[in-house]
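Student: I am new to this structure, and I would like a close look at one part of it, namely the enclosed space in its interior. Please begin with whatever framework I need in order to find my way, and then take me through it at a careful pace.

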Amino acid sequence: MAKRKASVNTKQCVACGCCMKVCPRNAITIPNGICAGVNKELCVGCGLCAKECPASVITLEEVAE
C-alpha cells in the first residue's frame, strides 16, 4: 500500500512560509531561506500545505511503504 507525502517544486518555491504555518506535524522547514523542504518521515500526507501554498508548488506524491 502506498502513502502520500508532500513534495515541493524547489525551483518555483518563493519561501513565503505559508505551508510551515499550517503543517500539523512541523514537517516543513525553510532551512536555507530560499525554498521549503519536507521531512518525509514527519509528513503524514494530509495535504494542508498544498492547499495553502499561494504559488501552488506543493503536490502530494505516492511513495512506497
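Tutor: Helices and strands are here runs assigned by DSSP, a helix having at least four residues and a strand at least two, and they are numbered from the N terminus. Counted in that way, the secondary structure of the protein amounts to two helices and four strands, and a reader who follows the sequence meets them in the pattern β-α-β-β-α-β. Please keep in mind throughout that this is a predicted model.

Before turning to the interior, it helps to consider the body that encloses it. The protein has a radius of gyration of 11 Å, which agrees with the value near 11 Å that a compact globule of 65 residues would have. The C-alpha trace spans about 35 × 20 × 20 Å along its principal axes. Among contacts in the protein with a separation of 6 or more, 58% join residues that are 24 or more positions apart. Of the 65 residues, 31% count as buried, and the surface that the protein exposes comes to about 4,300 Å², with carbon and sulfur atoms supplying 52% of it.

Now to the enclosed space itself. When the whole structure is searched, two cavities of 30 Å³ or more are found, and a cavity in this sense is a set of points where a 1.4 Å probe fits but cannot get out. The largest of them has a volume of about 90 Å³. Its lining is made up of 13 residues, and those that lie nearest the centre of this largest cavity are C13, C16, C19, C53 and V57. Sorted by class, the lining of the largest cavity holds 12 nonpolar residues and one polar residue, with no charged residues.

The second largest cavity contains about 70 Å³ of space. It is lined by 14 residues, of which C23, C43, V44, G45 and C46 are the closest to its centre. The lining of this second largest cavity divides into 11 nonpolar, two polar and one charged residue, whereas the lining of the largest cavity has no charged residues.

With the interior described, a few residues can serve as landmarks for the loops and other elements of the chain. In the loop between α1 (18–22) and β2 (28–29) you will find N26, which has a positive phi of about 55° although it is not a glycine. Because its relative accessibility is 59%, and exposed means over 50%, N26 counts as exposed. S56, in the loop between α2 and β4 (58–64), likewise has a positive phi of about 55° although it is not a glycine. With a relative accessible area of 60%, S56 is exposed too.

The loop between β3 (37–38) and α2 (48–52) contains E41, and N39 has its place in the loop between β3 and α2 as well. E41 counts as exposed because its relative accessibility is 75%, whereas N39, at 36%, counts as partly exposed. From this loop one can trace separations to other parts of the chain: the C-alpha atom of E41 is 9.1 Å from that of K5, although 36 residues separate them along the chain, and the C-alpha atoms of N39 and A27, 12 residues apart along the chain, are separated by 5.0 Å.

Two further landmarks belong to a helix and a strand. K21 is part of helix α1 and, with a relative accessibility of 70%, counts as exposed; its C-alpha lies 15 Å from that of P31, a residue 10 positions away in sequence. V63, in turn, belongs to strand β4 and counts as partly exposed, since its relative accessibility is 29%. Measuring off from V63 to A36, 27 residues apart in sequence, gives 19 Å from C-alpha to C-alpha.

Conventions
Residues numbered from 1 in each chain as written. Predicted model: local features only at pLDDT ≥ 70, side-chain atom pairs only at ≥ 80, totals over all residues. Heavy atoms only, no water. 1 Å grid on protein atoms, 1.4 Å probe; cavity = no way out; pocket = protein on both sides within 12 Å on 5 of 7 lines; lining within 4 Å. Points joined across faces, edges and corners; volume = space filled by probe spheres on them. Nonpolar A, V, L, I, M, F, W, Y, C, P; charged D, E, K, R; others polar. Rg over C-alpha atoms; globule rule 2.2 N^0.38 Å. Buried < 20%, exposed > 50% of the residue type's maximum accessible area, 1.4 Å probe, protein only. Contact = heavy atoms within 4.5 Å. Areas by Shrake-Rupley, 256 points an atom, 1.4 Å probe, with all protein chains shown as cover.
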